[in-house]
Amino acid sequence: MSVPRMRVLSAAVALGVAATFAAALPAAAAPAAAVPRPSPSNEGPAGPPALMPNGRVAAPPRVTAPQASSTCPAAPYGVYSYAPGSGKTVALTFDDGPGVTTARILSILQSYGVPATFFNIGENMAASPSLVRSEAADGYMIGNHTWDHPDMTTLSASAQAAEMDRASAELHSITGTWPCAFRPPYGSYNSTTESLAQQRRMKFWTWSVDTEDWKADGSSSSYWVNRIISLAESEGGVLQHPVVLMHNAPSGDPATALALPTIIKYFRDRGYTFVDLAGNTTPQGWGSRQASQAAAQASGAVDVLYKAADTTLGHHWYNPRNGWHGPVSMGSQVINGEPSVITSVPNTIDAFWKGADGGLWHVYTTGSGWKSQQPMNLGTLGGPPRAVAQPYGTEDVFWKGTDDQLWYATFVPGSGWSSAHSLGGDLASDPAPVASYLGAFDVFWQGTDGNLWHVYQTPGHPWSAPVNLNVGTLGSGPAAAGQLSGAEDVFWHGSGNDHLWHTYYTRHGGWHPANDLGGDLASTTPPAPVTSAPGTVDVFFAGTDGSLWHAYTTVGHSWHAPSSLGMAPLGSAPFATAQPDGAEDVFWRGTDDHLWHAYFRSGWHGPQDLGGDLYPMP
Ligand SMILES: [Zn+2]
């Protein structure tokens with residue numbers, strides 16, 4: 001269906017003109033100058049707004065005060081139209097969404113691993129909140145593009161402020177975050193617009209490359225695809241820091257999605273670094289995608305928790321500004337087994353453990369200090385808990401019940417913790433949960449029949465029944481890692497040999513047969529997998545020679561056979577965490593009961609003695 005966007009622009013401009021006349025001038029005396037002048041780089045109309053399930057346009061949220069966040073850096077005065085960063089940088093921006101093309105644009109950006117910025121319209125976010133959550137969860141920057149896309153120069157100061165505040169309030173109600181960037185519709189603004197945005201800590205952005213993609217008006221013809229590519233390349237290729245204007249309006253911009261891979265390759269081939277308008281070179285969304293005692297954040301922060309020699313919870317952490325800290329005791333509660341640590345939204349860290357009373361305990365911080373340790377009152381656990389998080393704040397914690405069934409509780413922002421529920425099954429091992437694509441969870445375990453079993457949940461659906469993956473008998477409990485693409489990798493110690501075994505799932509290919517990756521595993525403790533950069537999976541284990549081993553794959557490559565990283569001697573099986581820029585951190589208990597560390601940052605480094613006094617192995 002083709003939607004005539006020009007007609008909507010004409011109507012909007014006509015309304016704006018009428019309002020200006022009514023407010024300021026007798027209609028008969030209106031000079032031509034009172035008509036909003038066409039911007040020299042007119043962005044184009046947004047098209048019809050997205051509709052709510054009731055068929056209506058969303059009503060704006062009530063705002064009574066300026067909506068501004070102290071989490072945004074102070075906005076400099078002025079209008080910006082060149083991408084941040086050194087060398088050659090390019091910023092891809094998508095206005096007027098979310099809309100029917102948004103999911104395709106997100107999946108293209110994700111497959112190339114490039115960041116981008118979405119300037120969303122408030123009423124369109126209200127109609128499609130799940131797409132806004134996808135943008136936020138995948139780590140893309142979201143800017144303010146007003147509530148309903150007026151020409152700001154036709155509005156009073158208070159009406160301009162309401163346009164900004166309503167859109168910011170809507171974004172905050174959906175994602176819990178505030179916009180730190182503003183772009184005026186049509187690129188049309190006055191000094192009032194600039195001051196209002198600056199007061200709200202929103203940096204003011206236009207663009208330097210106009211693809212004029214909105215003119216395709218819903219067409220996906222090669223004429224429009226080629227025209228969009230040609231404008232992006234001819235205007236952008238001569239600039240050091242282009243900001244490329246594109247769209248994802250509710251009615252759809254299929255030509256934009258079709259042009260996007262070519263545009264990305266063009267700039268990549270010419271040595272440009274992709275950035276969002278905050279200067280980030282990778283998407284910033286990140287949650288703990290596998291259960292571990294360590295949790296890393298996109299900021300570079302790493303938190304490690306463990307059972308200390310005095311049986312209480314010990315803590316080491318890494319701050320990218322000033323290095324490693326710890327050990328610090330986290331409280332007086334006795335812990336059974338090792339804790340499970342996750343990070344969901346930035347700065348939020350949760351740790352779970354089985355307490356002395358056999359129940360589930362946790363402690364957390366949202367960035368302003370750790371809260372006190374608390375029982376969760378969810379009954380008695382049959383083993384230690386294992387937790388995973390989704391990057392928009394949902395957390396799930398799983399454990400083997402005293403009845404050998406799989407149990408879980410879930411935390412949803414705004415709703416709090418659920419009660420404990422059984423997912424059935426017949427567990428011989430502790431569960432190995434992963435978070436994969438947005439809203440999807442999968443939990444693996446070794447059944448009492450020795451086989452690999454799992455249950456899974458996809459967005460909008462209840463949990464599946466337990467399913468046997470039929471990979472044969474396992475020699476240990478499984479361990480698993482997930483990726484935002486939906487890919488999942490599961491590992492275990494073989495049963496007929498001490499090799500590392502593996503199976504994996506992709507959203508398009510389903511489950512693959514088990515394969516023997518080789519190696520020589522020292523114990524029947526599960527191996528420790530992580531996913532870092534998209535497509536990269538790295539799995540660690542202690543070799544029979546006492547050193548740290550790993551096997552890994554990167555996007556487009558088959559598995560590298562297990563090899564030793566040295567780093568001997570290990571006093572326990574390793575555990576690991578990773579960051580979306582490819583950084584990886586591996587930890588283990590040394591034979592001296594200290595916490596030891598190796599890390600990947602353009603090459604492997606370590607081992608590093610972090611000190612502390614860990615509980616001796618049983
Ligand atoms: Zn727009």
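Helix 4 (residues 129–137) is mostly covered, with 7 of its 9 residues buried. Here a residue is called buried if 20 or more other C-beta atoms lie within 10 Å of its own, exposed if 12 or fewer do, and partly exposed in between, the C-beta atoms being placed from the backbone. Helices (H or I, at least four residues) and strands (E, at least two) are DSSP runs numbered from the N terminus. The model is a predicted one, in which local features need pLDDT of at least 70 and side-chain atom pairs count only at pLDDT 80 or more, while totals for chains, interfaces and linings use all residues. Residues are numbered from 1 along each chain as its sequence is written.

The buried residues of helix 4 are Leu131, Val132, Arg133, Ser134, Glu135, Ala136 and Ala137. Their cover includes helix 2, helix 3 (122–127) and helix 5 (157–175), together with strand 3 (117–120) and strand 4 (141–144); contact here requires C-beta atoms, placed from the backbone, to lie within 7 Å. Just after helix 4 comes Gly139, with a positive phi of about 90°.

Helix 2 (residues 102–112), one of the elements that cover helix 4, has its own set of buried residues: Thr102, Ile105, Leu106, Leu109 and Gln110. These residues lie on the same side of helix 2, because they cover an arc of only 135° around the axis, the arc being that of the directions from the helix axis to the C-beta atoms. The general background is that an α-helix has 3.6 residues a turn, so residues three or four places apart point the same way. Strand 2 (89–95), helix 4 and helix 8 (254–269) are among the elements that cover the buried residues of helix 2. Gly113 follows helix 2 and has a positive phi, near 65°.

Stepping back to the whole chain, the secondary structure comes to 8 helices and 39 strands. Of the 618 residues, 50% count as buried. The radius of gyration is 26 Å, which agrees with the value near 25 Å for a compact globule of 618 residues; the radius is taken over C-alpha atoms, and the globule rule is 2.2 Å times the number of residues to the power 0.38. Along the principal axes, the C-alpha atoms fill a box of roughly 90 × 45 × 45 Å. Among contacts with a separation of 6 or more, 59% come from residues 24 or more positions apart.

The domain assignment gives domain 1 (76–274) and domain 2 (294–609), with bounds that come from an automatic or database domain assignment. Their C-alpha centres lie 36 Å apart. Where the two meet, 10 residues of domain 1 are in contact with 12 residues of domain 2. Helix 4 gives the most to the side of domain 1 that touches domain 2, contributing 4 residues. By class, that side of domain 1 has 2 nonpolar, 6 polar and 2 charged residues; Ala, Val, Leu, Ile, Met, Phe, Trp, Tyr, Cys and Pro count as nonpolar, Asp, Glu, Lys and Arg as charged, and the others, Gly among them, as polar.

Turning to the strands, 4 of them form an open sheet in the order 23-24-25-26, with antiparallel pairing; two strands pair if DSSP finds at least two bridges between them. Strand 23 and strand 26 (467–468) stand at the edges with a single partner strand each, so one side of each is left without a neighbour in the sheet. Both faces of strand 23 (residues 432–435) are nevertheless covered, as Ala432 and Val434 on one side and Pro433 and Ala435 on the other are all buried.

Across the sheet, strand 23 pairs with strand 24 (residues 441–446) over 4 bridges, and Ala432 stands opposite Phe444. Strand 24 and strand 25 are joined by 6 bridges, with Asp442 opposite Tyr456. The hairpin of strand 24 and strand 25 has 5 residues between the strands, and in it Gly450 takes a positive phi near 90°. Strand 25 (residues 452–457) is linked to strand 26 by 2 bridges; His454 stands opposite Val467, and Trp453 opposite Asn468.

Another antiparallel pair is that of strand 12 (residues 313–319) and strand 13 (residues 323–329), joined by 5 bridges. Strand 12 and strand 13 form a hairpin with 3 residues between them, and Gly314 of strand 12 stands opposite Ser329 in strand 13.
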